[in-house]
Amino acid sequence: MSPYVTECPYCGARLRRRAPKLERQGDELRVRESLRARRRRIVRQRRASRGRWRPRIAVAADRPYATIAAILGPAILVVVQRAGAYDVFQVGAIMHPGLTEPWRYLVAPFVYYQLGYLFVVCFALAIFGPGLERRLGLALTSLLYLACGALGMLAAVGIDNALADGELVAAGGNGIALGAIAAWAMLRRAESLHEGGEAVDQIAIVVASSVVLLLPVFEALAAPWAGVVGGVVGLFAGALAARLRMTEG
């Protein structure tokens with residue numbers, strides 16, 4: 001098609017444009033779609049057929065209060081522990097057999113001795129926690145953190161008792177960190193599939209998960225099975241939340 005000259009309706013400047021390409025569809029002539037326009041039309045049609053993704057499970061808070069509490073709480077507890085010269089078992093760490101009262105399974109995931117262990121877990125929560133809390137809300141995120149930590153500790157004691165010598169010392173939130181990473185990954189993956197947005201950064205997820213999984217190599221209080229089971233709990237919770245969001249959307 002040959003170019004033509006027209007004028008801008010606002011400033012009067014002369015513009016040189018090229019006439020659109022036409023294609024025949026049946027007995028009609030229509031403007032040929034560009035590849036970008038065709039992709040956009042296909043995405044709009046898929047959204048209309050599958051239903052719009054709308055987060056109706058929970059109303060997200062303005063700030064990630066659950067994540068802030070999961071980071072500041074253990075840090076304050078470490079300061080109190082060292083200032084009062086308490087050992088980790090006095091503030092809630094698990095030692096099996098012996099110190100396995102039910103309340104310890106809830107408190108132990110927030111008890112630390114080494115600052116490096118605390119830093120790695122808090123760093124992972126700072127990266128993935130706010131995004132997770134924006135999607136789930138304060139209540140569900142708090143429940144997820146508690147479930148990943150407590151169930152991870154409970155599974156660590158049970159598995160160690162069944163497969164190892166039955167003697168275990170465990171504390172810290174490696175299960176919480178892996179659960180948050182896994183839940184965020186499942187929700188973000190569902191969003192990318194149904195909204196047509198950017199793909200999930202798998203390299204960042206693999207690196208973060210690997211660092212948390214390797215914590216037991218450097219820290220005696222980081223129980224390996226607590227991290228693995230916490231990650232599995234987060235994985236299933238994120239998949240379920242993504243499924244419910246899709247159904248209600």
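pLDDT is the predictor's confidence in each residue, on a scale from 0 to 100, and since this is a predicted model, colouring by that value is a sensible way to begin. Across the protein chain the mean pLDDT is 83, with 76% of the residues reaching 70 or more.

Select helix H2 (residues 65-83) to see where confidence in the protein chain is highest, at a mean of 95, and then strand S1 (residues 3-7), where confidence is lowest, at a mean of 53. Move next to residues 51-60, over which pLDDT stays under 50, although the model has 28 contacts for them beyond four places in sequence. Where pLDDT is low, the predicted coordinates should not be read in detail.

With that caution in place, turn to the charged side chains, among which a search of the whole structure finds two salt bridges.

For one of them, select Arg104 and Glu101, which form a salt bridge whose closest N and O atoms are 2.5 Å apart. Switching on a surface separates the two partners: Arg104 has 6% relative accessibility and counts as buried because the cut-off is under 20%, whereas Glu101, with a relative accessible area of 30%, is partly exposed.

For the other, select Glu191 and Arg135, where the salt bridge has its closest N and O atoms 2.8 Å apart. This pair links distant parts of the chain, with Glu191 in helix H6 (residues 174-195) and Arg135 in helix H4 (residues 115-136), 56 residues apart. Are Glu191 and Arg135 buried or exposed? Both Glu191 and Arg135 are buried, so a cutaway view, with helices H4 and H6 shown, is a convenient last stop.

Key. Residues numbered from 1 in each chain as written. Predicted model: local features only at pLDDT ≥ 70, side-chain atom pairs only at ≥ 80, totals over all residues. Heavy atoms only, no water. Salt bridge = Lys/Arg side-chain N within 4 Å of Asp/Glu carboxyl O. Buried < 20%, exposed > 50% of the residue type's maximum accessible area, 1.4 Å probe, protein only. Helix = DSSP H or I, 4+ residues; strand = E, 2+ residues; numbered from the N terminus. Contact = heavy atoms within 4.5 Å.
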